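Here is my note on this structure, set out as numbered points. Please keep the 3D view open while you read, and take the points in order.

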Amino acid sequence: MTKVPGKGLVEGLGVTLKALTRRSVTQQYPDVEPELPPRSRGVIALLEENCTVCMLCARECPDWCIYIDSHKETLPAPEGGRARVRNVLDRFAIDFSLCMYCGICIEVCPFDALFWTPEFAYAEGDIGDLTHERDRLREWMWTVPEPPALDPGAEPAKEVTAAQKAQQPPPVQQARQAPARPARPSRSAGVAADRPEVDPPAGDSS
Amino acid sequence: MEKTAVGSLSQLTVGVGAGDMATADMVLNIGPQHPATHGVLRIALTLDGERIVRAQPIIGYMHRGAEKLFEARDYRQILVLANRHDWLSAFSNELGVAMAVERMLGLEVPARAIWARTLLAELNRVLNHLMFLGAYPLEMGAITPIFYAFTEREVLQAVMEEISGGRVHYMFNRIGGLKEDLPAGWLDRVDDAIAAVRRRLPDFDRLIRGNEIFQARTRGVGVLAAETVLAYGASGPVARASGVDFDLRRDEPYLAYAELDVPVVTRSDGDCYARFEVLLDQVAASLGLAGTCAQRLRDLPPGPINVRLPKIVKAPEGETYTWTENPLGINGYYLVSRGERTPWRLKLRTASFSNIQVLGELLPGCLVPDMVAILGSMFFVVGDIDK
C-alpha cells in the first residue's frame, strides 16, 4: 500500500472524466416512451367476450382484488332440448391498488379472457380510481402485444401444437373440428350449444 | 442543581454541584425512521460521549406476518409472497420455496429449467450486489457510485424483464420449473448484458476500492471475528469476509451448481472494507457463472422448461428443510405439510435476520460515525429481517 497519496482519488476522477465523455443513458420519460418487452407486466386486460364467469381468477388471486358480479340467464329451449342456464357478466373489476402483479389470474383463466399488457401509465390522484371496471379493462385489450417467439430449444407452445394437429389429421377428425372452431369468438351463440356441461357447473361452484 | 441521577435509569446529570466529573450514558435511538438506516431497523445505542457502549438492534417494524400468510395460501400463491420478503433477491427467494415443494413431491425438474434457474439466480445475485455496491458508498457520502451501479442494474433488469415480465418481483418460478420458456434471442441479450456489466466493473475498482477516503472509513472498522460469525449464524458475504469459507453453492450444491466450478470469494480481515471487497469480487464471479449457464442452455437439447402438474398441487404429508445460498446469505425453508394444498407451516430462515444480530457485538466500542459504515456493510434488507 505504498502509493502516491491521492492516487485513488485521481483515478476516481478519471472514471468521472470518462463518464463525462460517454453518451447519457437517461431516457427523458414523458417525451421518450420506454420500449418494454411483450411479457412486461404493466396492467391486466380483459377480453370479456371470452369470460364465462367461472370465478377462477377471483378465487386464485392471492389478495382477492378481482370483483365479479353475474346473474344467470335462461336461454329458451331449442327444439327438443331443455332450457339452458348461462352466466352473464355484470361486473368485472380489478383493484390495481391491491394487485400484486403476480399474474396468477391470467395463468388460471381457462378461456383466455385475461392478458398482460406492458402499459403502465395509469397513475391516479384518487386511490378509488385504480379500480378498473370492465369497460376500462376491455380498453386495455387493444394494447396487448403478441407473445415473443420462443428460444429454439423450447418446446413449441401448446397452441401451436394444437393448431398443427388440427391441420394435419385425416378428414374424419376435421369434420368434427370444423363446427367447433368458429364457436370460440362468437360466444353467445356457440357456448350453450357446444359446451353445455362446462359452463353451468363452473358458475354454480362459485 | 440538586438533580442527581436517581434510580437505574440513565439520566444526564448536569451542573457543577454534581461533584465527580463522571459523564452519564446517553441512550440514542437510530431509527426506525432515520436517514442512516435503510428501511425501518431501529438500533438503541447507549453512548458514552461519541463511543458506543451498547447496541441493541430492535426489529419488528416491518413485520408482515408472511409466515402466517403462507399457511393460508396455496403453493403458487406462496411464491408471490416469498418473493417479497427480500425484495432485492426475489428470484432466489421463490427458488427456495419451489425447491422445497419439489423435494416433497419428489419431482424431477427438467434440465432446461435447472440451468435457466441457475442463470437467473446468478443474475439476481449480481443485481442485488450492485445495489449494495452503489448504496454503501452513498451512505458514507459518496453519491456518484450509485449512479454507476444503477446504470448496470438497468441493463440486467431489462434482461430479467424480458424473460419474466417483472423488474423486481419476477414471479417466474413455478413448482416444477419456470413459468415460460426463454424468448428467442434472449440468451444473446444475456451475454451482451453480462459483457456490459463486466466492462464497467473496473470503474467500481477505481472509483471506490482504490479511494483513500473510502478506505480510511472502512479499513479496520467493525472487525467481525470468525468465531462471532459462527456463534451468531451469520452467512453470505458478511461471513466470507471474516474468513468463513462456506458457500452452499459449492459445499452443498443445488440446481446446477454441482456441475459448475463455483469460485468462493473470501477475505480474512473481517472489516467493512473486506465485506465490500467480497461483494465486488462476487459480482465478477457471478457474471462468469451466468455466462457459463447461458452457454450450457444453448447446448442443451430441446425440451420442456417445466413439469405439467395438476391444477391443485398438494405436497404429501411430511417435512423437509431446503437451504439456498441467497445473495445475502443462507436462506432456509422448513416446510411441514399435512398433505393439504397449503403448507401446515413454512418457516423461513433468512440471512439478514442472523446477520444483523451481530451488530450487538460489533458496534460497542465504535464511534458513532463508524456505526454508519458498519451498518451499511452488513448488507441487509429490512423486509428479510422481519418477514
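**Notes on a predicted two-chain model**

1. Let us begin inside chain B: at 0% relative accessibility, E122(B) counts as buried (buried is under 20% relative accessible area, exposed over 50%, partly exposed in between, with a 1.4 Å probe and protein chains only). Its partner R249(B) counts as buried too, at 1%. The side chains of E122(B) and R249(B) meet in a salt bridge, 3.2 Å from N to O (a salt bridge is a side-chain nitrogen of Lys or Arg within 4 Å of a carboxyl oxygen of Asp or Glu). This pair links distant parts of the chain, from helix α4 (residues 111-139) to helix α10 (residues 248-251) of chain B, 127 residues apart. Helices (H or I, at least four residues) and strands (E, at least two) are DSSP runs, numbered from the N terminus.

2. A word on the ground rules: this is a predicted model, in which local features need pLDDT of at least 70 and side-chain atom pairs count only at pLDDT 80 or more, while totals for chains, interfaces and linings use all residues. Residues are numbered from 1 along each chain as its sequence is written, chains are lettered from A and ligands numbered from 1 in the order in which they are written, and side-chain values use heavy atoms, leaving out hydrogens and water.

3. Now look at where the chains meet. Contact, meaning heavy atoms within 4.5 Å, takes in 38 residues from chain A and 43 residues from chain B. The buried area between them is about 3,300 Å², with carbon and sulfur atoms giving 50% of that area; this is the accessible area (1.4 Å probe) that two parts lose on being put together, summed over both.

4. How many salt bridges are there between chain A and chain B? The count is 8, and one pair that fits this description is R112(B) with D151(A), whose closest N and O atoms are 3.4 Å apart. On the side of chain A that touches chain B, α1 (7-21), α2 (56-60) and α3 (104-108) of chain A each supply at least two residues. The largest share, 9 residues, comes from α1(A).

5. Helix α1 of chain A deserves a second look. K18(A) forms a salt bridge with D203(B) at 3.1 Å, N to O, and the pair crosses between chains, from α1 of chain A to helix α6 (residues 186-209) of chain B. Is each partner buried or partly exposed? K18(A) is partly exposed, with a relative accessible area of 36%, whereas D203(B) is buried, with 2%.

6. Chain A has 8 helices and 5 strands, and 34% of its 206 residues count as buried. An open sheet of 3 strands in chain A has the order β2-β3-β5, with antiparallel pairing; two strands pair if DSSP finds at least two bridges between them. Strands β2(A) and β3(A) (residues 84-95) pair over 10 bridges, and the bridge partner of H71(A) in β3(A) is V88(A).

7. Those two strands also share a salt bridge: R86(A) in β3 and E73(A) in β2 of chain A are 13 residues apart, and their closest N and O atoms lie 3.8 Å apart. R86(A) counts as buried at 19% relative accessibility, while E73(A) is partly exposed at 31%.
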